[in-house]
Amino acid sequence: MKNIPEIKVGLVAVSRDCFPAPLAVNRRRAVMEAYGRKYRAAELYECPVTIVESETDMTDALEDVKAHGCNAVCVYLGNFGPEIAETLLAKHFDGPVMFSAAAEESQDKLGVAGRGDAYCGMLNASYNLALRNTRAWIPENPVRDAEGVADNIHDFLPIARVRIGLDGLKIISFGPRPQNFLACNAPIKQLYNLNVEIEEESELDLFEAYRKHYAPEEFRLDAIVVERQNREIAEIKADMMRELHIETPSEKQHEMLDKFAAYEATLLDWIEANRGSRKYVALATKCWPAFEDMFRFVPCYVNSRLTGRGIPVSCEVDIYGALSEYIGTCISEESVTLLDINNSVPADMYAEGIKGNYDYKPTDVFMGFHCGNTCSGRLVQPHIGYQKIMANTHPAEWCDGTMEGDIQPGEITFYRLQSTADARLRAYAAEGEVLPLATRSFGSIGVFAIREMGRFYRYELLEKNYPHHGAVMFGHYGRTLYETLRFIGVEAAEIGYNRPAGDRYPDENPWGTL
C-alpha cells in the first residue's frame with residue numbers, strides 16, 4: 001500500500017507583455033536542465049505554455065499541467081510577470097503551488113532585452129496572492145539562478161506531499177480513549193480545517209472484526225472470504241517470522257504469531273473497507289486496559305510493522321499523534337515513531353556515558369519511550385517482548401506483543417502538531433539526536449539529546465499544555481517541517497522550538513531559575 005503521494009511539479013513560466021517572452025522561456029529551460037542534473041528529472045514537467053498577460057494563457061497552462069499528471073505547480077517569474085494571470089493560476093489550480101523567480105545572469109545583460117526585474121515582480125505576485133486569499137509557498141530566497149530555483153522546487157516536494165497527503169487522509173480511530181488520558185483528547189475541528197477526514201469507531205467493532213479473522217468458524221463466514229483471510233494471515237505470519245528470525249516456532253510462538261497476523265490482517269482489511277473516498281490512512285488505536293482482557297495480547301508489534309510501512313498507528317487513541325506521524329512520513333519518506341517524553345536520565349548514567357563524551361548538560365537529555373511501537377528497523381537488537389507495565393494488572397501471558405530494543409543512534413527531529421482545547425492549531429519542533437547508550441530498560445526506548453531541552457520542556461511543552469506524546473522523524477527536518485506547518489496554515493507564533501541559550505522564552509523568568 002502506497003500511503004503517501006508522489007509529486008510531479010509543473011513548471012510554468014510567466015512573462016509580462018512589455019518584457020521579451022524568450023527571456024522567460026530560456027530561463028525556464030535552464031531551470032529544467034539544472035533540475036535534471038541535480039535531481040530526478042521525472043519530478044518536474046516543463047509546461048510549454050508561457051503565461052503572458054492573458055487569462056486565456058492561464059487556462060491553457062492549467063489544462064496542460066493537469067493533462068500531464070502534475071499535482072503541484074511552480075509559477076516561475078522569468079521576468080517581472082503578469083500578477084493577475086499568474087495568481088489566477090495559483091487560485092484555480094487544484095493542488096499546492098509555489099512561486100519562484102529568476103535572478104539576473106550578468107552585468108552584461110542588464111539592457112532592455114536581458115533584464116527581467118523579477119525581484120520586483122515577486123512583490124506584486126505576493127500582494128495579489130493576498131488579495132485573492134490564495135495560499136502559495138514562497139521560498140526563503142525565491143529569486144535565484146537556475147540552480148537555485150531547481151533547489152527551491154526540490155525543497156517544495158515534501159511540503160507538497162504533506163498538503164496533498166492531508167487532502168487525501170482519513171484517520172481511523174478506535175476508542176474510547178483510556179480513562180485518565182485526557183492528554184490524548186483534543187477537538188477534531190482542526191482536522192476538518194486541515195481537510196483531514198476522521199472516522200471514530202468502537203473498540204468493540206474492532207474486536208468483532210478481529211474475531212472474524214482469528215476464529216471465523218464462529219461467525220459462519222462465506223468460505224471464499226475465509227480462504228482469502230487465511231491466505232492473507234499466512235503470508236503475514238511468514239513475513240513476521242522472517243522479520244523476527246524465527247525458523248522453527250515453538251507452540252507458544254505459533255499461537256502468538258497467529259494472533260498478531262490475524263490482527264494485522266484485520267487492520268489492513270478495515271483500512272480497505274473504510275477508506276471511502278480517501279487515498280491515504282492513519283490509525284489511532286486503543287491499546288489498554290480492556291485490550292489485554294479481550295484480545296489476550298498487546299497491539300504494539302503490529303502497530304510497529306504498519307508504521308514501518310508508512311501507515312502510522314498511534315497509541316492510546318492519540319488522533320493528533322497519528323496526524324503528526326503522517327506528516328513526518330510525508331516529509332521524510334521514511335518510517336517515524338511516536339514516543340512518550342518519558343523520564344529523566346539518571347545521574348549515574350549521565351556521569352558514566354555522557355559527561356565528557358558529549359557536549360550536553362544534564363538538562364539537555366531525556367529518555368523517549370513507548371511500550372513497543374517503534375518498527376524493528378529503527379531498533380538495536382529488536383525483539384518481541386511483553387508489556388511489563390500492563391503485566392502489573394494483567395496476566396503476563398496476555399501482554400505479549402511489544403517490539404523492544406534501544407532506538408538506533410543518530411539525528412532526529414522531535415515534533416508534534418496539536419489542537420488546543422479551544423481548537424487552535426499549535427506545533428513544536430526540535431532537532432537533536434539519539435545517543436549510542438545502552439538504556440538498560442524495556443520497550444522501545446532511547447537516550448535523546450536536544451540543546452536546551454530543559455528550558456524547552458518547561459517554557460514550551462509545559463507552558464503550552466502539550467500532551468506527553470511526541471512524534472520522531474529520523475533525521476534533521478526542522479527547516480522543512482517549519483515551512484510545511486506554515487504552508488498548511490499554522491501561524492508562525494504558534495510554532496515552538498528549542499530556543500538557544502540567551503534567547504528567552506516570553507514566560508521565562510528574566511532573572512533566571514530558582
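# Cavities, pockets, a helix and a sheet

Tutor: In the second largest cavity of this predicted model, the lining consists of four nonpolar, three polar and no charged residues.

Student: How do you know which residues of that lining count as nonpolar and which as polar?

Tutor: The lining is made up of Cys 287, Cys 300, Cys 315, His 370, Cys 371, Gly 372 and Asn 373. Cys counts as nonpolar, whereas Gly falls among the polar residues, and residues outside the nonpolar and charged groups count as polar too. Cys 287, Cys 300, Cys 315 and Cys 371 are therefore the nonpolar members, and His 370, Gly 372 and Asn 373 the polar ones.

Student: What makes this space a cavity and not a pocket?

Tutor: A 1.4 Å probe fits inside a cavity but cannot get out, whereas a pocket is open. The search of the whole structure returned two cavities of 30 Å³ or more. The second largest has a volume of about 30 Å³, and the largest holds about 50 Å³.

Student: What classes of residue line the largest cavity?

Tutor: Six are nonpolar, two polar and two charged. The lining includes Glu 292 and Glu 316; Glu counts as charged, so these are the two charged residues.

Student: Which residues lie closest to the centre of the largest pocket, and how many line it?

Tutor: The largest pocket has a volume of about 550 Å³. It is lined by 23 residues, of which Asp 94, Gly 95, Pro 96, Arg 163 and Asp 167 are closest to the centre. Two or more lining residues come from each of helix H3 (83-92) and H5, and H5 gives the most, with three. By class, the lining has eight nonpolar, six polar and nine charged residues.

Student: What can be said of the second largest pocket?

Tutor: Its volume is about 320 Å³. Of its 13 lining residues, Arg 135, Ala 136, Trp 137, Ile 138 and Arg 486 are closest to the centre. Helix H4 (118-131) and helix H15 (478-488) each supply at least two lining residues, and H15 gives the most, with four. The classes here are seven nonpolar, three polar and three charged.

Student: How do you know what span to expect for helix H5?

Tutor: The expected span is 1.5 Å times one less than the number of residues. H5 (residues 146-167) has 22 residues, which gives an expected 32 Å; the reach from first C-alpha to last is 31 Å, so the two values are close.

Student: Where does H5 bend, and by how much?

Tutor: There is a kink of about 30° at Leu 157, shortly before the proline Pro 158. That value is the angle between an axis fitted to the seven residues ending at Leu 157 and an axis fitted to the seven starting there.

Student: Why is H5 described as mostly covered?

Tutor: A residue is buried when its relative accessible area is under 20%. In H5, 17 of the 22 residues meet that limit, so the helix is called mostly covered.

Student: What makes E1 and E3 paired strands?

Tutor: Pairing requires at least two bridges. Strand E1 (residues 9-14) and strand E3 (residues 72-77) run parallel and are joined by six bridges, so they qualify. In one of these bridges, Val 9 has Ala 72 of E3 as its partner.

Student: Why are E2 and E5 called edge strands?

Tutor: The open sheet has five strands in the order E2-E1-E3-E4-E5, with parallel pairing. Strand E2 (44-46) and strand E5 (143-144) each pair on one side only, which makes them the edges.

Terms used
Residues are numbered from 1 along each chain as its sequence is written. This is a predicted model: local features need pLDDT of at least 70, side-chain atom pairs count only at pLDDT 80 or more; totals for chains, interfaces and linings use all residues. Side-chain values use heavy atoms; hydrogens and water are left out. Buried means under 20% relative accessible area, exposed over 50%, partly exposed in between (1.4 Å probe, protein chains only). On a 1 Å grid over the protein atoms alone, a cavity is a set of points where a 1.4 Å probe fits but cannot get out, and a pocket is an open set with protein on both sides within 12 Å along at least five of seven lines; lining residues have an atom within 4 Å of a point. Grid points are joined across faces, edges and corners, and a volume is the space filled by probe spheres set on the points.
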